Amino acid sequence: MQISIVAVIDIVTALKEGTLDGNAYLIDNTGPCAPQAGSRVTNVPGVYNADGSQTTEAVLNWITVGVADLPLTLPRSYRHRYNEANAEHRLVDALRKATRDGRAKLLSDPEAVSMPKPLLVRRNGAVRPYDAPLLNGAGEVLEPDDPAAEASAPPVVTHIRGPAVEHGILYPALYGSPDLLADGWYWSATVNTANVGCHEYQMDVTLYQQVQENGESVWEPRPFSLTCSIQVGTAPEINGFTGGFFPGLLPILPSCLTSAAGEAI
Amino acid sequence: MMTPLNIRVFVDVVALLLGNAADGNVFLFDDSLCGGQDSGTVKLTSPVWPGQLVRWSLTPLDVQTMAWLTGVSFDGNAPPAAGLPAPWALRWHGHVPWWLAPGSRHGYRLTLVTGGLTGRTITIDGPSLLFMPPPAGQPIPPQASPPIWAVAQSAPTGG
């Protein structure tokens with residue numbers, strides 16, 4: 001069973017208050033499986049075989065989204081890539097038409113053809129440009145120094161840890177992702193559903209805050225942590241034909257021949 | 001020992017919920033040695049032998065749109081009565097009866113439920129099992145009479 005856990009974050013308030021408590025909401029697609037066990041609790045249905053062994057596996061996927069963020073289904077970079085390609089095309093066109101002096105000037109000042117400003121993000125102490133645009137909820141590119149842009153910097157899950165991981169109930173894994181702000185990774189986990197009960201874990205989330213540094217806007221990571229739980233349930237695997245653990249004969253009646261013997265199929 | 005036959009049902013649940021037909025949105029495959037006919041379509045015909053274990057499993061194409069198999073019923077008969085446990089705990093495995101005539105084909109209906117017990121129920125008609133004689137070298141299962149429930153249900157109802 002694939003379970004999506006979406007953390008909806010009020011980014012601006014979380015940055016202002018310095019906490020995700022009261023500013024992050026967990027929703028998931030397990031509503032049909034069991035009544036909601038509580039806020040920030042995800043139901044994980046488990047099923048066991050006749051010998052008590054585990055028969056199903058649950059996979060968790062964490063998705064973080066800002067309240068004012070771009071819908072997840074839109075590629076974050078399409079408009080940026082279009083603009084960049086357009087700017088490069090204009091630069092090549094201008095270079096073709098320019099004189100020798102003009103070419104040197106153009107190459108030394110690409111701003112002359114409106115190249116987009118890079119997003120500067122501090123990672124591991126160093127400020128690096130990222131080849132990812134900042135888009136608002138309408139998919140429009142925001143300037144990196146736009147003071148209203150904080151709400152649109154996507155939150156990033158950076159770690160899944162805590163008792164459920166240490167006790168061998170959650171097995172987190174990193175998968176490749178096209179989201180460059182997440183460094184190309186996203187978190188998933190498998191659940192050992194043999195461990196019935198409520199198990200706590202921590203989700204580490206990074207939000208980005210804009211600061212001014214040497215006259216430039218730099219996006220600083222701000223680490224946050226959110227305590228969540230999984231509620232692992234259990235049920236015996238039942239054969240639908242017999243109502244027990246083991247299979248019987250298929251319920252096909254002797255006289256119900258729907259086609260004559262030897263008829264072509 | 002006879003190899004079990006696995007029938008894998010892939011379903012575009014969203015397309016079916018929108019009211020689209022099963023054709024082109026339901027894809028059945030089996031791992032029969034003889035090869036099922038119309039593999040990859042809703043009209044899959046799977047050759048089976050007496051005594052062979054048949055296992056159905058359902059996979060939604062969008063893995064996060066939950067759907068579970070809640071019934072497999074044959075020849076227009078009603079699926080098992082309600083009162084079964086949670087749909088994600090159900091498995092549909094059964095042995096092929098030995099009292100059926102070789103060459104006979106039995107259509108079946110798959111019932112699936114989306115989004116849990118309160119979700120929508122969708123029925124899929126079209127696939128069938130084709131009964132084959134026991135393969136060469138395989139022991140012939142004991143020729144017993146059909147069980148009482150089968151005889152009772154197949155008896156004429158009057159008129």
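User: What makes residues 256–265 of chain A a low-confidence stretch?

Analyst: pLDDT, the predictor's confidence in each residue on a scale from 0 to 100, stays under 50 over residues 256–265 of chain A. For this stretch the model has 20 contacts (heavy atoms within 4.5 Å) beyond four places in sequence. This is a predicted model, in which local features need pLDDT of at least 70, side-chain atom pairs count only at pLDDT 80 or more, and totals for chains, interfaces and linings use all residues. Residues are numbered from 1 along each chain as its sequence is written, chains are lettered from A and ligands numbered from 1 in the order in which they are written, and side-chain values use heavy atoms, without hydrogens and water.

User: Why is β13(A) called mostly covered?

Analyst: Strands are DSSP runs of E, at least two residues, and helices runs of H or I, at least four, numbered from the N terminus. Buried means under 20% relative accessible area, exposed over 50%, partly exposed in between (1.4 Å probe, protein chains only). In β13 (residues 197–213) of chain A, 12 of its 17 residues are buried, so the strand counts as mostly covered.

User: How do you know that β13(A) pairs with β14(A)?

Analyst: Two strands pair if DSSP finds at least two bridges between them. Here 17 bridges join β13(A) to β14 (residues 216–232) of chain A, so the two antiparallel strands pair. One of the partners is A:Ile230 in β14(A), opposite A:His199.

User: What makes β1(B) and β4(B) a pair?

Analyst: Seven bridges join the parallel strands β1 (residues 5–11) and β4 (residues 53–60) of chain B, so the criterion is met. B:Ile7 stands opposite B:Trp56 in β4(B).
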